[in-house]
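Got a protein chain open and not sure where to begin? Let's walk through one together, question by question.

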Amino acid sequence: MEACKKTAQTDRLPWHLFAHCTEATALPGSPGQWQAIFAHFGEKLTNESVGCCGMAGTFGHEVARQEMSKAIYRQSWQVKLTNKNLERCLATGYSCRCQVKRMEQTAIKHPVQALLELVS
């Protein structure tokens, strides 16, 4: 990994991490670990404090639950995504990324996808 390390800070916009609610609960140190990994590559990563995206696996896909799923998303994620460059927003959860794509009509990346672009 040392060979891939960037030494100078970039002048680019910061990244914004939206951690999967289960990950943030089960591994409360993971957002800080992601920050350290991004810092290793000279990138700034801001952890966004959000609750559940409203997808919760298949919950948000169930017809009877779609309106509730969307309401949950609007209360937390939508507010935090507003006025951010979605190309600089990252989510660790697959369901979270699906929910953002459904609600914002654009895909956001997993942090590893962003890191791969940085080293390519």
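Below are some questions and answers about this model, which is predicted.

Q: How many helices and how many strands are there in the chain?
A: Let's get the layout first. Read along the sequence, the elements follow the pattern β-α-α-β-α-β-α-α. Each α in that pattern is a helix and each β a strand, and the chain has five helices and three strands.

Q: What is the radius of gyration of the chain?
A: Along the principal axes, the C-alpha atoms fill a box of roughly 50 × 30 × 20 Å. For 120 residues the globule rule gives 14 Å, and the chain comes close to that, so it is as compact as a globular protein of that length. The radius of gyration is 15 Å.

Q: What share of the contacts with a separation of 6 or more is between residues 24 or more positions apart?
A: Here we set aside contacts with a separation below 6 and look at the rest. Among those, residues 24 or more positions apart account for 65%.

Q: Which residues of strand E1 point the other way from Trp15 and Leu17?
A: E1 covers residues 15–18, and all of them are buried. Trp15 and Leu17 point one way from the strand. That leaves the ones on the other side: His16 and Phe18.

Q: Which residue in E2 is the bridge partner of Leu17?
A: E2 takes in residues 45–48, and four bridges join E2 to E1. The two strands run parallel. Look across from Leu17 into E2 and you'll find its bridge partner, Asn47.

Q: And which residue in E3 is the bridge partner of Phe18?
A: E1 is also joined to E3, residues 89–91, by three bridges. This pair of strands runs parallel too. In E3, Phe18 has as its bridge partner Ala91.

Q: Why is there no bond between the sulfur of Cys89 and its closest cysteine sulfur?
A: A disulfide is a covalent bond between the sulfur atoms of two cysteines. To count as one, the sulfur atoms must be within 2.5 Å. The closest cysteine sulfur to that of Cys89 is in Cys96, and they are too far apart for a bond because the distance is 13 Å.

Q: How far is the sulfur of Cys98 from the closest cysteine sulfur?
A: Cys98 is partly exposed, at 24% relative accessibility, while Cys89 is buried at 1%. The closest cysteine sulfur to that of Cys98 is in Cys53, and that's too far for a bond as well. The structure holds zero disulfides, and the distance from Cys98 to Cys53, sulfur to sulfur, is 8.8 Å.

Q: How many residues apart in sequence are the parts that Glu43 and Arg12 tie together?
A: The side chains of Glu43 and Arg12 meet in a salt bridge, with N to O at 2.8 Å. Glu43 sits in the loop between helix H2 (30–40) and E2, and Arg12 in the segment before E1, so the pair ties together parts of the chain whose separation in sequence is 31 residues.

Q: Is Glu43 buried or exposed?
A: The cut-off for buried is under 20% relative accessible area. Its salt-bridge partner Arg12 has 41% and is partly exposed. Glu43 has 2%, so Glu43 is buried.

Q: Which residue is linked with Arg12 and Glu43 in a network of salt bridges?
A: Look in the loop between H3 and E3. The residue we want has a side chain that makes a polar contact with the side chain of Glu43, at 3.5 Å. Leaving aside neighbours within four places in sequence, its contacts include Leu13, Pro14 and Trp15. At 11% relative accessibility it counts as buried, and its name is Arg88.

Q: Which residue's side chain meets that of Lys84 in a salt bridge?
A: Lys84 lies in the loop between helix H3 (66–81) and E3, and is partly exposed at 23%. The N to O distance of the salt bridge is 3.9 Å. The partner is in strand E2, 36 residues apart from Lys84. With a relative accessible area of 13%, the partner is buried, and it is Glu48.

Q: How many salt bridges does the structure hold?
A: We've met some already, and another joins Glu117 and Lys109 at 3.2 Å, N to O. Both residues are partly exposed, with Glu117 at 46% and Lys109 at 22%. For the whole structure, the count of salt bridges is five.

Definitions and conventions. Residues are numbered from 1 along each chain as its sequence is written. This is a predicted model: local features need pLDDT of at least 70, side-chain atom pairs count only at pLDDT 80 or more; totals for chains, interfaces and linings use all residues. Side-chain values use heavy atoms; hydrogens and water are left out. Buried means under 20% relative accessible area, exposed over 50%, partly exposed in between (1.4 Å probe, protein chains only). Two strands pair if DSSP finds at least two bridges between them. A salt bridge is a side-chain nitrogen of Lys or Arg within 4 Å of a carboxyl oxygen of Asp or Glu. A polar contact is a pair of N or O atoms within 3.5 Å; within protein, one must be able to donate a hydrogen and the other to accept it, and residues adjacent in sequence count only if both atoms are side-chain atoms. Contact means heavy atoms within 4.5 Å. The radius of gyration is taken over C-alpha atoms; the globule rule is 2.2 Å times the number of residues to the power 0.38.
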